[in-house]
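Reader: I have a structure open and would like to go through it with you. Could you take me through a few of its charged residues and the ligand site?

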Amino acid sequence: KESLDQGLQKTKDSFLSKITKAVAGKSTVDSEVLDNLEEALVGADVGVDTTIKIIDRIEQRVARDKYLNTSELNRLLQEEITGLLVDAPHSNSYAFQSDLPTTPYVILVVGVNGVGKTTTIGKLAYNFKKAGKKVLLGAADTFRAAAVDQLTIWSERVGVPIVKQEMGSDPAAVAFDTVQSGVAQKSDVIIIDTAGRLHNKLHLMDELSKIRRVIQKVIPEAPHEVLLVLDGSTGQNAIEQARHFTAATDVSALAITKLDGTAKGGVVLAIASQFSIPVKFIGVGEKMEDLLVFDKQAFVGSLFS
Ligand code: GDP
């Protein structure tokens, strides 16, 4: 709770002050309050579509209850916002500490360069290892030497093995090697980094489907998770990226990074309600410990406290 509140500090400050301003001097929720609220939510990076959904719901409550006190508005907003966020489907959920649905559990990590993909993989590896799981990393972003180097540094820092090949080799071949070696080593979790080049959608699709196909030669049900990493500090850009990646491949979960440095954390609400894909992790710093399992109640509660 403390790290959540701390990580979200900038977003919390801006979010709550905007909401508070929207109702200032008003005792009942009338159309002016709703207009102000709409503006406040859009200004807090919640996104237009999601804001409209929230305002509609509040309007319905006002219509139903006839009279709504502004002092009740915060609680109501929290309820309605939480209700919009998607739950992680149970079959697919994993806590670091508990048993995985299957082993080796293969997580394919996708996202644009710079969003914090490598760091998130390092943090995941750290958490799984700390929970006693045997982790293997795969460096299938073979286009940037820096990507392989960074992932290697994380593998050393966390103390988990890594499978890599030379720069420019076929990403699918690295993915295949990684999964095969994970099976041989009896790894519990295999986390594979991929290149995040968005400039060509067809290319991205081809590359990711090729990686899937070769992984499935070893484990037919894999990947068990396709985790899309988005940089929360880029606000609406993150939504645009989510749109591209979900069109290119089946994304099963989201990780939203860099929430510690930004007031744009409201974007988590926009993304989580718009794509029907659960947010599973949020990044609140650069260190291994700075990855939190996303809990929608706690997240929304923190915004309002
Ligand atoms: P990649 O290119 O997507 O693999 O991105 P990296 O993992 O290399 O991260 C890019 C930069 O963002 C690095 O300087 C990371 O330390 C930083 N970063 C990643 N996640 C977070 C986070 O949650 N909070 C902060 N403040 N920085 C982060």
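**A lysine in a loop**

Author: Let me start with Lys-133, which in this predicted model lies in the loop between helix 6 (117-130) and strand 2 (135-140).

Reader: What is the nearest side chain of opposite charge to Lys-133, and how far away is it?

Author: That side chain belongs to Asp-99, 5.3 Å away, and Lys-133 has no salt bridge even though it is buried. A salt bridge here needs a side-chain nitrogen of Lys or Arg within 4 Å of a carboxyl oxygen of Asp or Glu, so the 5.3 Å separation from Asp-99 does not qualify.

Reader: Which backbone oxygen does the side chain of Lys-133 reach at 2.8 Å?

Author: The backbone oxygen at 2.8 Å is that of Ser-98, and a polar atom of the Lys-133 side chain also lies 2.9 Å from the backbone oxygen of Phe-96.

Reader: And which residues is Lys-133 in contact with, leaving aside neighbours within four places in sequence?

Author: With those neighbours set aside, Lys-133 is in contact with Phe-96, Gln-97, Ser-98, Leu-100, Phe-128, Asp-188 and Val-189.

Reader: Switching to the ligand, how many residues surround it, and which are the closest?

Author: There are 16 residues around the ligand, and the closest are Gly-114, Thr-118, Thr-119, Asp-260 and Glu-286. Backbone atoms also come into play: a backbone N or O atom of Gly-116 lies 2.9 Å from a ligand oxygen, one of Lys-117 lies 2.8 Å from a ligand oxygen, and one of Lys-258 lies 3.0 Å from a ligand oxygen.

Reader: Which side chain does Lys-117 meet in a salt bridge?

Author: The side chain of Lys-117 meets that of Asp-193, with an N to O distance of 3.3 Å. This pair links distant parts of the chain, 76 residues apart, with Lys-117 in helix 6 and Asp-193 in strand 4 (residues 189-194).

Reader: Are Lys-117 and Asp-193 buried or exposed?

Author: Lys-117 is buried, and Asp-193 is buried as well.

Reader: How many salt bridges does a search of the whole structure find?

Author: The search finds 15 salt bridges. One of them joins Glu-80 and Arg-57, whose closest N and O atoms are 3.3 Å apart. Glu-80 lies in helix 5 (residues 70-84) and Arg-57 in helix 4 (residues 48-65), so this pair ties together parts that are 23 residues apart in sequence.

Reader: Why does Glu-80 count as buried, and why is Arg-57 called partly exposed?

Author: Glu-80 counts as buried because its relative accessibility is 10%, whereas Arg-57 is partly exposed because its relative accessible area is 30%. Both residues belong to a network of salt bridges that links Arg-57, Arg-61, Glu-72, Arg-75, Glu-79 and Glu-80.

Reader: What about Asp-170, and which side chain does it meet in a salt bridge?

Author: Asp-170 meets the side chain of Lys-210 at 2.9 Å, N to O. Asp-170 lies in the loop between strand 3 and helix 8 (171-184) and Lys-210 in helix 9 (residues 201-218), so the pair ties together parts that are 40 residues apart in sequence. Asp-170 counts as partly exposed because its relative accessibility is 32%, and Lys-210 is partly exposed with a relative accessible area of 34%.

Reader: One last topic: which residues does the UniProt annotation "domain: SRP54-type proteins GTP-binding" cover?

Author: According to that unreviewed entry, the annotation covers residues 278-291. In the model, the end C-alpha atoms of residues 278-291 lie 16 Å apart, and the span is 0% helix and 43% strand.

How values were computed: Residues are numbered from 1 along each chain as its sequence is written. This is a predicted model: local features need pLDDT of at least 70, side-chain atom pairs count only at pLDDT 80 or more; totals for chains, interfaces and linings use all residues. Side-chain values use heavy atoms; hydrogens and water are left out. UniProt positions are given in the numbering used here, feature names are shortened, and annotations may be inferred rather than shown by experiment. Helices (H or I, at least four residues) and strands (E, at least two) are DSSP runs, numbered from the N terminus. Buried means under 20% relative accessible area, exposed over 50%, partly exposed in between (1.4 Å probe, protein chains only). Lys and Arg count as positive and Asp and Glu as negative; His and the chain ends are not counted. A polar contact is a pair of N or O atoms within 3.5 Å; within protein, one must be able to donate a hydrogen and the other to accept it, and residues adjacent in sequence count only if both atoms are side-chain atoms. Contact means heavy atoms within 4.5 Å. A residue is near a molecule or strand if one of its heavy atoms lies within 4 Å of it.
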